[in-house]
Amino acid sequence: MSDMSHILPRRVHGPAPVDRPVVRIEDDVDRNRFDLFVDDELVGILGYRFGEGDDGGVGPVVALMHTVVKEEYGDRGWAGVLVRASLNTARDRRWRIVPICTYVRRYLAQHEEFLDLIAD
């Protein structure tokens, strides 16, 4: 029988590391929009507009106008990431929102934890 010492035992390693994109969302106050960057590329925007006055002294009323994600980044959940971050920012800033954007409306229907942000 031949010596098979040149065969190394199989080693079981964990899954290969996954490169995760660097995601950042910025408030472009000059353009009244939130910008979503993925690995330093502008991928999506959520435009907003301040309304007149405030919501009964609670905070400014801000209309969320439109959500746009570049076509090549579509169907990957980036719009949801952008909307969630925008709604969290609205909460932090004590904004009352008016969801004009149909995507934001659908998002709110599925994420009831943000319904208290809607202006009366």
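This report describes the fold, the salt bridges and several individual residues of a predicted protein model.

**Overall architecture**

The protein chain contains 2 helices and 5 strands. Read from the N terminus, its elements follow the order β-β-β-β-α-β-α. Of the 120 residues in the protein chain, 34% are buried. The protein chain exposes about 8,400 Å², and carbon and sulfur atoms supply 51% of that area. When contacts between residues at least 6 apart in sequence are considered, 43% of them join residues at least 24 apart.

**Salt bridges**

Side chains of opposite charge can pair when their charged atoms come close. In this model the count comes to 8 salt bridges. Three of the pairs are set out below, each with its N to O distance and its separation along the chain.

| Pair | N to O distance | Separation in sequence |
|---|---|---|
| Lys70 and Glu41 | 3.0 Å | 29 residues |
| Arg84 and Glu113 | 3.2 Å | 29 residues |
| Asp116 and Arg91 | 2.7 Å | 25 residues |

The side chains of Lys70 and Glu41 form a salt bridge with an N to O distance of 3.0 Å. This pair links distant parts of the chain, with Lys70 in the loop between β4 (60-69) and α1 and Glu41 in strand β3. Lys70 is partly exposed, at 34% relative accessibility. Glu41 is also partly exposed, with a value of 29%.

Arg84 and Glu113 meet through their side chains in a salt bridge of 3.2 Å, N to O. Here too the pair links distant parts of the chain: Arg84 belongs to helix α1, and Glu113 to the segment after α2 (102-110). How exposed is Arg84? Its relative accessibility is 33%, so Arg84 counts as partly exposed. Glu113 has a relative accessible area of 41% and is therefore partly exposed.

A further salt bridge joins the side chains of Asp116 and Arg91, at 2.7 Å from N to O. Because Asp116 lies in the segment after α2 and Arg91 in helix α1, this pair ties together parts that are 25 residues apart in sequence. Asp116 is partly exposed, with a relative accessible area of 43%. Arg91 is partly exposed as well, with a relative accessible area of 32%.

Salt bridges also link Arg24, Glu26 and Asp40 in a network.

**Loop residues with positive phi**

Asp40, a member of that network, also has a notable backbone angle. Although Asp40 is not a glycine, its phi is positive, at about 70 degrees. Asp40 sits in the loop between β2 (33-38) and β3 (41-54). Is Asp40 buried or exposed? With 63% relative accessibility, Asp40 counts as exposed.

Arg94 likewise is not a glycine and has a positive phi, of about 60 degrees. The residue is located in the loop between α1 (78-92) and β5 (96-99). Its relative accessible area of 56% means that Arg94 is exposed.

**Two buried residues**

Ser86 is part of helix α1. Why does Ser86 count as buried? The reason is its relative accessibility of 1%, because buried means under 20%. Leaving aside neighbours within four places in sequence, Ser86 is in contact with Phe34 and Leu46.

Arg96 lies in strand β5. At 14% relative accessibility, this arginine counts as buried, since the value falls under the 20% limit. Which backbone oxygen lies 3.0 Å from a polar atom of the side chain of Arg96? That oxygen belongs to Ile118. Arg96 and Pro60 are 36 residues apart in sequence, and their C-alpha atoms are 6.0 Å apart in space.

**Summary of the picture**

Helix α1 contributes residues of both kinds described above: Ser86 in helix α1 is buried, whereas Arg84, also in helix α1, is partly exposed. Arg91 of helix α1 is paired with Asp116 from the segment after α2, and Arg84 of helix α1 is paired with Glu113 from that segment. In the loops, Asp40 and Arg94 are exposed.

Notes
Residues are numbered from 1 along each chain as its sequence is written. This is a predicted model: local features need pLDDT of at least 70, side-chain atom pairs count only at pLDDT 80 or more; totals for chains, interfaces and linings use all residues. Side-chain values use heavy atoms; hydrogens and water are left out. Helices (H or I, at least four residues) and strands (E, at least two) are DSSP runs, numbered from the N terminus. Buried means under 20% relative accessible area, exposed over 50%, partly exposed in between (1.4 Å probe, protein chains only). A salt bridge is a side-chain nitrogen of Lys or Arg within 4 Å of a carboxyl oxygen of Asp or Glu. Contact means heavy atoms within 4.5 Å. Accessible areas come from the Shrake-Rupley method with a 1.4 Å probe; for residues, only the protein chains shown count as cover. A polar contact is a pair of N or O atoms within 3.5 Å; within protein, one must be able to donate a hydrogen and the other to accept it, and residues adjacent in sequence count only if both atoms are side-chain atoms.
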